Amino acid sequence: MNESKITLTVTKGSLQGKEFVFAQPARCIVGRAADCDIQLPREYRAVDISRHHCELDINPPHIQVRDLGSRNGTFVNGQNIGQRPGDRPAEEADFRGCPVRELHNGDEVQVGAIVFEVKEKETPG
């Protein structure tokens, strides 16, 4: 039986080279806040990366991303998949209307100046 895992490799930004590996189902919040599962450096200004920027829903070999009402949006392969209107404060962000995007092997997810590359891998079990 083959086992799948998802690896997110940071390809751009101050965390370049860092990998996040998921072999089990997980729901991860990505952002600057201390309670995020993938906490991005606070060196980035709030206008770049929100405290709770996006959510990854991982169930290897599947992975989805949804913007959580970030100010600058979450990008998949250069396309903005969601963000809150610029005149709305973070407290009023409604991410339920933001679409969920299925990710595939080789896709790039950009959050501020940080870019993750998605790798799906099956290993013999």
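This report covers the strands, the nonpolar core and the cysteines of a predicted model.

**The open sheet**

Five strands make up an open sheet. Their order is E4-E3-E5-E6-E9, and the pairing is mixed. Strand E4 (38–39) and strand E9 (100–103) stand at the edges. Each has a single partner strand, so one side of each lacks a neighbour in the sheet. Inside the sheet, strand E3 (residues 26–31) pairs with strand E5 (residues 54–59). The sense is antiparallel, over five bridges. One residue of this pairing is Cys28, whose bridge partner in E5 is Leu56.

**The nonpolar core**

The largest nonpolar core holds 24 residues. Leu8, Ile38, Leu40, Leu56, Ile63 and Phe116 touch the most other members. Several strands each supply at least two residues of this core: E1, strand E2 (19–22), E3, E5, strand E6 (62–67), strand E10 (108–111) and strand E11 (114–124).

Leu56 thus appears twice, as the bridge partner of Cys28 and among the core residues that touch the most other members. Ile63 is in contact with Leu56 as well, leaving aside neighbours within four places in sequence. On that basis, the other contacts of Ile63 are Ile6, Leu8, Asp57, Ile58, Arg101, Glu102, Leu103 and Val118.

**Thr9 and strand E10**

Thr9 lies in strand E1 (residues 2–12). Is Thr9 buried or exposed? Thr9 is buried, with a relative accessible area of 17%. Beyond its neighbours within four places in sequence, Thr9 is in contact with Lys18, Glu19, Val115, Phe116 and Glu117. Of these contacts, Phe116 is also one of the core residues listed above.

E10 has two faces. Val109 and Val111 form the covered one; Glu108 and Gln110 form the uncovered one. Strand E7 (residues 74–76) runs antiparallel to E10, joined by three bridges. Val111 is the bridge partner of Thr74.

**The cysteines**

How many disulfides does the structure hold? The count is zero. Cys28 is in no disulfide. The table sets out two cysteines.

| Cysteine | Nearest cysteine sulfur | Distance | Relative accessible area |
|---|---|---|---|
| Cys28 | Cys54 | 9.8 Å | 5% |
| Cys36 | Cys54 | 9.0 Å | 9% |

Why is the sulfur of Cys36 without a bond to that of Cys54? A disulfide needs sulfur atoms within 2.5 Å. The sulfur of Cys36 is 9.0 Å from the closest cysteine sulfur, and therefore too far for a bond. Cys28 is buried, and Cys36 is buried too.

Definitions and conventions:
Residues are numbered from 1 along each chain as its sequence is written. This is a predicted model: local features need pLDDT of at least 70, side-chain atom pairs count only at pLDDT 80 or more; totals for chains, interfaces and linings use all residues. Side-chain values use heavy atoms; hydrogens and water are left out. Buried means under 20% relative accessible area, exposed over 50%, partly exposed in between (1.4 Å probe, protein chains only). Two strands pair if DSSP finds at least two bridges between them. Helices (H or I, at least four residues) and strands (E, at least two) are DSSP runs, numbered from the N terminus. Contact means heavy atoms within 4.5 Å. A nonpolar core is a set of buried Ala, Val, Leu, Ile, Met, Phe, Trp, Tyr and Cys residues joined through side-chain atoms within 4.5 Å.
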